[in-house]
Amino acid sequence: MPTTIRIRVPAACLAALLALAGCGTPDGDTVTADQRQPGGSSTGSPDDTTAGTTGQPPSGRTGGTLSPTDPLLIGTPTAPPRHPTELRKANVLAGRLSQGGSGPCYTLVTDDGREYALHGLDKGTFATGTFVRVTTAPATTEMDCGPGIPLSILKMSPVG
């Protein structure tokens, strides 16, 4: 029983595709083998018998292109992008703490090797080596947290 279903479904799909592609007869039937043969018998109209010998589609059917416009041509990139392709917030940093503790001073090193001297009261206790994500603000002038680019911490949370 499953074999019959496997045969019927593809045959029905093929018949539908042929009808949609314009390979069926005008009344919706599929094209038979003798209709595809040059000079073979068909429904009796002169257009159907000459279609195989002249190479032209029967009257009422066109063999033109499917799209009235040419597809867009996308060129191959010649160089990497000049600007970042993924925009990120300038005041959000992620990296590893090279100086941790309970604060208020922390030192953060990002993946690109930049070192930041961060200051923030009551931001939590973070062990040295912890990967964190930090939302920053411009540094206040009265605090010195050591080497690096000085910034104030708005929010800091561990990553991973």
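A contact here means heavy atoms within 4.5 Å. The exercises below use a predicted model.

**Exercise 1. Describe the surroundings of Thr-110: its element, its burial and its contacts.**

Step 1. Locate the residue. Thr-110 belongs to strand β2.

Step 2. Classify its burial. The cut-off for buried is under 20% relative accessible area. Thr-110 has 11%, so the residue is buried.

Step 3. List its partners. Leaving out residues up to four places away in sequence, Thr-110 touches Ala-94, Gly-95 and Tyr-116.

**Exercise 2. Work out how the secondary structure elements are ordered and how the strands are arranged.**

Step 1. Count the elements. The chain has three helices and five strands.

Step 2. Read along the sequence. The pattern is α-α-α-β-β-β-β-β.

Step 3. Follow the pairing. The five strands close into a barrel, in the order β1-β2-β3-β5-β4, with mixed pairing. From one strand to the next, the twist averages 55 degrees.

Step 4. Take one pair in detail. Strands β2 and β3 run antiparallel and are joined by five bridges. Cys-105 stands opposite His-119 of β3.

**Exercise 3. Identify the largest nonpolar core and the strands that supply it.**

Step 1. Name the members. The core has twelve residues: Leu-93, Leu-97, Tyr-106, Leu-108, Tyr-116, Leu-118, Phe-126, Val-132, Val-134, Leu-151, Ile-153 and Met-156.

Step 2. Assign them to elements. Those giving two or more residues to this core are β1 (92-99), β2 (105-110), β3 (115-119), β4 (131-138) and β5 (149-158). The largest share, three residues, comes from β5.

Step 3. Examine one member, Leu-93. Not counting residues up to four places away in sequence, Leu-93 touches Leu-108, Tyr-116, Val-132, Arg-133, Val-134, Thr-136 and Leu-151.

Step 4. Examine a second member, Tyr-106. Tyr-106 lies in strand β2, and its relative accessibility is 0%, so Tyr-106 counts as buried. The C-alpha atoms of Tyr-106 and Leu-118 are 5.1 Å apart, although the two residues are twelve apart along the chain.

Step 5. Set this against a general rule. In soluble globular proteins, nonpolar side chains tend to be buried together.

**Exercise 4. Find the salt bridge and state how accessible each partner is.**

Step 1. Count. The structure holds one salt bridge.

Step 2. Name the partners. Arg-114 pairs with Asp-112, and their closest N and O atoms are 3.9 Å apart. The distance cut-off is 4 Å, so this pair qualifies as a salt bridge.

Step 3. Classify both residues. Asp-112, at 53% relative accessibility, counts as exposed. Arg-114, at 48%, is partly exposed. The two labels follow from the cut-off for exposed, which is over 50%.

Step 4. Recall the principle. Side chains of opposite charge can pair when their charged atoms come close.

**Exercise 5. Decide where the model calls for caution, and summarise the chain as a whole.**

Step 1. Take the overall confidence. The chain averages a pLDDT of 75, and 63% of the residues score at least 70.

Step 2. Find a weak stretch. Over residues 39-51, pLDDT stays under 50; the model has 15 contacts beyond four places in sequence for this stretch.

Step 3. Apply the rule. Where pLDDT is low, the predicted coordinates should not be read in detail.

Step 4. Add the chain totals. Of the 160 residues, 19% count as buried. Among contacts between residues at least 6 apart in sequence, 48% join residues at least 24 apart.

Terms used: Residues numbered from 1 in each chain as written. Predicted model: local features only at pLDDT ≥ 70, side-chain atom pairs only at ≥ 80, totals over all residues. Heavy atoms only, no water. Core = buried A, V, L, I, M, F, W, Y, C linked by side-chain atoms within 4.5 Å. Buried < 20%, exposed > 50% of the residue type's maximum accessible area, 1.4 Å probe, protein only. Helix = DSSP H or I, 4+ residues; strand = E, 2+ residues; numbered from the N terminus. Pairing = 2+ DSSP bridges. Axes fitted to C-alpha atoms, helices over the stretch in contact; angles between N-to-C directions. Salt bridge = Lys/Arg side-chain N within 4 Å of Asp/Glu carboxyl O. pLDDT = per-residue confidence, 0-100.
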